[in-house]
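Reader: I'd like to learn how to read a model like this one. Could you walk me through a few features?

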Amino acid sequence: MSLKACIYDLDGVITDTAKYHYKSWKWVGGQLDYNLTEKQNQKLKGVGRKESLDKILKWSNSRISEADKQHLLHKKNQMYLEFIDTMNPDEVFEGFKNFNALAKGVGLKVAVGSSSKNAIRIIDKLDLVLAFHAIVDGGMTPNSKPEPDIFLLAAEKLQVSPENCLVIEDSQAGLTAAKKAGMKSVLFGQDKGLKGAQIQINSWLDADLEIFKKLY
Ligand code: B16
Ligand code: MG
C-alpha cells in the first residue's frame with residue numbers, strides 16, 4: 001500500500017476560524033441567556049452548523065421552536081461571514097503552502113474536506129482556490145463529520161482509494177470520520193486526548209512527508 005493523497009481539513013488545519021465561530025456562537029449563547037465557554041467551543045470543532053446549535057441548546061437546557069432555530073442559525077452565519085470577509089492570505093498557517101507544494105511535487109493528489117458550508121468562501125479569501133485538486137464542503141454530502149461522507153467524496157473526486165488517503169485533522173469529529181472512511185489520519189495541533197490518529201504534529205513546520213509515507 002502507498003500514500004497517494006492528502007485530504008486536509010480546513011478550519012483549524014489550514015487556517016484558524018475557530019475564533020470567529022466562537023464569537024458568533026457566544027452571541028447565540030447570549031440570546032439563550034447562556035455563557036458558552038471556550039472549552040465548549042472546542043467541542044464544536046468539525047461539527048456541522050445545525051449540529052453545533054443542537055449541542056448548545058442541550059448544554060443550555062433550551063427549548064425553542066424550529067423557526068427560532070433557523071433564525072439563530074441564520075444570524076450566527078451572518079455574523080461569522082462578517083469575520084470571514086476580513087480574512088486575507090496571511091492567515092494561512094505557516095508552512096502549509098510549502099508542504100502542499102511538496103506533496104503535489106512528488107505526485108500526490110491533494111484535497112480539502114471540510115464540514116463548513118462556507119469552505120469555498122474561506123479558501124477564496126486565503127487565495128488558495130487553485131492549490132487543490134478537489135474541494136469538498138459541508139454542503140456537498142448528506143452527512144457531516146463524524147460521518148465519513150465528506151472524506152469519501154473527496155477520495156472519489158481525486159480518484160484515489162480511501163486506503164491510500166491520509167487525512168489531516170484537528171477535531172475528534174474529523175478523526176472519527178477519517179477512521180470510518182478507512183483512511184489513516186494525522187492529528188494537527190496541540191490538543192491532547194483525541195483518539196484515532198496515527199501521529200500528531202504541532203504545526204506544518206513539523207510535517208514530514210517521509211514520515212507520512214512510512215505510515216503505509
Ligand atoms: P459552517 P472543518 C467545521 O469546519 C468547523 O470546525 C466547525 O466549527 C463548524 O461548525 C463547521 O465547520 C460548520 O461550519 O457554519 O461554516 O458551515 O473543521 O470541518 O473545516
Ligand atoms: Mg477542523
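**Reading the model**

Author: Let's start where helix 8 ends: Gly182 follows that helix, with a positive phi near 80°. Helices (H or I, at least four residues) and strands (E, at least two) are DSSP runs, numbered from the N terminus. Keep in mind that this is a predicted model, where local features need pLDDT of at least 70, side-chain atom pairs count only at pLDDT 80 or more, and totals for chains, interfaces and linings use all residues. Residues are numbered from 1 along each chain as written, chains are lettered from A and ligands numbered from 1 in written order, and side-chain values use heavy atoms, leaving out hydrogens and water.

Reader: Which residues of helix 8 are buried?

Author: Buried means under 20% relative accessible area, exposed over 50%, partly exposed in between (1.4 Å probe, protein chains only). In helix 8 the buried ones are Ala173, Gly174, Leu175, Ala177 and Ala178. Their cover includes helix 7 (149–158), strand 4 and strand 5 (184–188); that rests on contact, meaning heavy atoms within 4.5 Å.

Reader: And which residues are the protein donors of the magnesium ion (ligand 2)?

Author: Donors are N, O and S atoms within 2.8 Å of the metal (3.2 Å for Na, K and Ca); water is not among the atoms, so sites may look incomplete. Here they are Asp9 (OD), Asp11 (O) and Asp170 (OD), 2.0 to 2.2 Å from the ion. Asp11 sits in the loop between strand 1 (5–8) and helix 1 (18–31), and Asp170 in the loop between strand 4 (165–169) and helix 8 (172–180), so this pair links parts of the chain 159 residues apart.

Reader: Is Asp170 buried or exposed?

Author: Asp170 is buried, at 5% relative accessibility.
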